[in-house]
Structures are given as C-alpha cells and as structure tokens.
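Let's take a walk through this one together. Have the model open, and we'll go from sheet to helix to ligand to domains.

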Amino acid sequence: MNAPDLGPTRPLAPPLYTASVYSLPDLDALDAVSDGHAPGYVYARDAHPNADQLAAQLAALEGGAWGVVCGSGMAALSAAFLSLVSGGDAVLASTRLYGRTSALLKDQLARFGVTTRQVDVNDLDATRAAVAEHKPKVVYAETMSNPLCRVPDLPVLAEIAHAGGAKLVVDNTFATPVICRPLELGADLVMESLTKMVGGHSDVFLGLLAGRDPALRPVVGQVVSVWGLLGGPFDCWQVERGLVTLGLRMRAATATAAALADWLADRPGVTRVVYPGRPDHPDYDLARRLFPAGCGNMLCFELAGGRGAVNRFLRAAPGVPLCPSLGHATTTVSYPVGASHRYVPAADREREGITAGLVRVSVGCEPFDDLARETATGLAAVG
Ligand SMILES: Cc1ncc(COP(=O)(O)O)c(C=O)c1O
C-alpha cells in the first residue's frame, strides 16, 4: 500500500505504525536496511517507528546516548541483566527492591548460574566491602526504594561500582526523569517502568532501558530482539502521548505530595509520615541534593490501628482508591503489606518498617484541597 499523499502537511499527533513487517522493493534495499546503511524497517520485533521515536525522546530526557523500549518495566530489567551477566557472574543488589525484581534476581537468574548478593546500599562502607568481596558485574539499586523512599547516594554508588569493575544499573521508576536522571549521576543503565507516571493513565505496560555507552546499544538490541522483549506499537504510541504532559503532571503531583505529607503529619491517628522531602526522613539531605526539582509524588503514612484502621480509611475514602500500582493521573493508594511486599517475610518487613498500618500514596494531579478533603473523610472514619 502506498503512503497517503499528505502534500506539505504533517500530522500533529504521531502516526501509529501497526505493521509487524515492512515490504522492500528489492534485495539491495533489504541489504541496505538490514545492515543499517539506509533508514527503514524490516521486522517489528527488531524495531518499529513508534518504539524508535519514543526511545529517542526518552533517551534525551534521561541524558542518555540511546534508549530501548520494552514490553514492561520487568522486560526492560530482564533486558538489562540478560545483556550484562552470564552464568558464574555475581550481581550486588540493594536489600530494598520491588518484589518482582527480587524474584527475577534470586529465582530466575539463579537458574542460569547468576548469584545475587544483597547489601544495604545506604551503607556505603558495607557496599564497598561487598563489591570487593563478591566482584559483581552489576550493582543494582532503586533511586527511591519502594515503599519507604530510601535514597542511595547514586554518584558514590557509581564510583564504588566502577572502582570494582561493575556497572551501576538503576531503577528510576519512583523518581521519573523529571526528578532524577541517574545516567547524569554516573549510572551506566537506567530502567523506568513506563507503566507508571510516564504513561500516567493506568492503561499501558511498557518499560525503558537507557544507557550512556554507545557500545552497549547493539548488545541490548540483540537481547531485546532474540528474547522478544520490544514494546508494541500501540503501547509506545500511548506512552508518547503521556510523555507530552509528564513534566506538568510530575511537577503538580510533587508539589501536592509535599503539601500532603506536611498536612498528614499534623493529623491525629497518623503515627508516621514517610516522604524524602521532610526533614524527619533519614535521607532528607541527600534527597535535597540529588533531586533539585523536589522529591516526587510517592509517600507513605501509618495509621495507629493497623489493618483494621486501613480498611476503615479505604471504605470511607473511595476517591483515593486502593490500587496496587502507582503513577495514575489522580491519587491512588496501595497497601505494601498486602500488595508489593505480600511475599516478603514478615520479619524482613518489620525490620524495614513496613507495618500493618502503612499506606503508600501515589499522589496525582487533582487540586490539593480535593485530595485533603477526601483524605480527611477517610481519617475521620478511622476513629
Ligand atoms: C519500582 C518498580 N520497578 C519496576 C516495576 C515493574 O514495572 P512493570 O510493572 O511495568 O513491569 C514496578 C512495578 O510496580 C515498580 O514499582
């Protein structure tokens, strides 16, 4: 089919290229496109325009040399590890990880002979010692840990990793590139679950892997193609649409989150508020240094009455619905004990401070007064 003749006009919204395969005029063209000597596409599992266009925009936003868009955040993470480690290698990971990331490292990669050691990456001496002892190929951490938003010193982590011959890979999902750009702080690869704030509307799964070193791009590209990890055209198209308003949404949600954290701290029945932008957070100074645009839209609060109190809150405040995800355009809450950390042993949860009364909030873009009113209704029902 010939492309429609648009004359001098161009669509303002990006076109959606759903084709799984592209036609070519002859074998010379096939060679030229396949070898990268001419622009174009062949087979959409390897590359397609919607993925390339989104990846280029995201790479620029992250301060990276390149980006690859995968079918989910977990697909992007899989691509990172499949590119960087082989049987016999070690990974040194933070003790504070998204649950599925723990499973990827400890259950899945272990099947292929990759060993994962864990360390408190906020303890830099312990991290230095663990790198020296285990000689990992990869040091892995989250910019802001789930759910208590612990912030590791990424520039120092990068130094420690590089001094030990390891690459630093960072999950930046809680922060987004609006709040933090790990590649500019020394990380080698950054991963984002685009399913969250970047997509922004809870209607798409996608993930980004971006890097600084151009030599890694073909390695990752080969892994993504062979393991079938590339994101599909429609999902890329939707995230490209979300990206247009990411800065606006993130700045609005960050301002509201900071205000909500302070407001919650004064409410009776709230025993703890966890937000890195508050002076009582253990990483407050570091967060102020690393996140000049503010500390993002994620926070936690704790209710004195444990699970029963959380249930009463949720039933009385349907305007802040229980959703075991984050990054929606309006505020949602989650319950770490029952969702993200459901399968983490109770003793480990307690040690980290993930208690039965802890509620995680993903602040959205609604006006603060509306959010405070709904939250106050929920808190009033807690008793
Ligand atoms: C911090 C973090 N990293 C990675 C992921 C995985 O992303 P996805 O669900 O897009 O695979 C999630 C999902 O909740 C997450 O919260």
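Two strands count as paired if DSSP finds at least two bridges between them, and the helices (H or I, at least four residues) and strands (E, at least two) are themselves DSSP runs, numbered from the N terminus. What you're looking at is a predicted model, where local features need pLDDT of at least 70, side-chain atom pairs count only at pLDDT 80 or more, and totals for chains, interfaces and linings use all residues. Residues are numbered from 1 along each chain as its sequence is written.

Start with strand 6, residues 189–193. On one side, 3 bridges join strand 5 (residues 167–171) to strand 6, and the two run parallel; here Asp171 sits opposite Met191. Strand 6 also pairs with strand 7 (residues 207–211), this time antiparallel and through 5 bridges. Within that pairing, Val190 has Ala210 as its bridge partner.

How covered is strand 6? To judge that, call a residue buried if 20 or more other C-beta atoms lie within 10 Å of its own, exposed if 12 or fewer, and partly exposed in between, with C-beta atoms placed from the backbone. By that count, 5 of the 5 residues in strand 6 are buried. In a regular strand the side chains alternate between the two faces of the sheet. Here Leu189, Met191 and Ser193 point one way, while Val190 and Glu192 point the other, and all are buried.

Now hop over to strand 2 (90–94). With 4 of its 5 residues buried, strand 2 is largely enclosed by the rest of the structure. Strand 2 pairs with strand 3 in the parallel sense over 5 bridges, and Leu92 has Arg117 in strand 3 as its bridge partner.

Those two strands bring us to helix 5, residues 124–134, whose buried residues are Thr127, Ala130 and Val131. Why do they end up on the same side of helix 5? They cover an arc of only 100 degrees around the axis, the arc being that of the directions from the helix axis to the C-beta atoms. These residues pack against strand 2, strand 3 (115–119), strand 4 (138–142) and helix 6 (154–163), where contact asks for C-beta atoms, placed from the backbone, within 7 Å. The face turned away from that buried side carries the exposed residues Asp125, Ala126 and Ala132. Right after helix 5 comes Lys135, with a positive phi near 45 degrees.

Next, the ligand. It is surrounded by 14 residues, and the closest are Ser72, Gly73, Met74, Ser193 and Thr195; a residue is near if its C-beta atom, placed from the backbone, lies within 6 Å. You've already met Ser193 in strand 6.

Finally, zoom out. The domain assignment, automatic or from a database, gives domain 1 (48–244) and domain 2 (246–382). Their centres, taken over C-alpha atoms, are 24 Å apart. The contact between them takes 27 residues from domain 1 and 33 residues from domain 2. On the domain 1 side, helix 7 (176–179) and helix 9 (233–244) each supply at least two residues, and the largest share, 3 residues, comes from helix 7.

One last stop is Arg10, in the segment before helix 1 (27–34). Arg10 is exposed, with 7 other C-beta atoms within 10 Å. Compare its position with Gly165: the two are 155 residues apart in sequence and 48 Å apart in space, C-alpha to C-alpha.

Terms used. Two residues are in contact if their C-beta atoms, placed from the backbone, lie within 7 Å.
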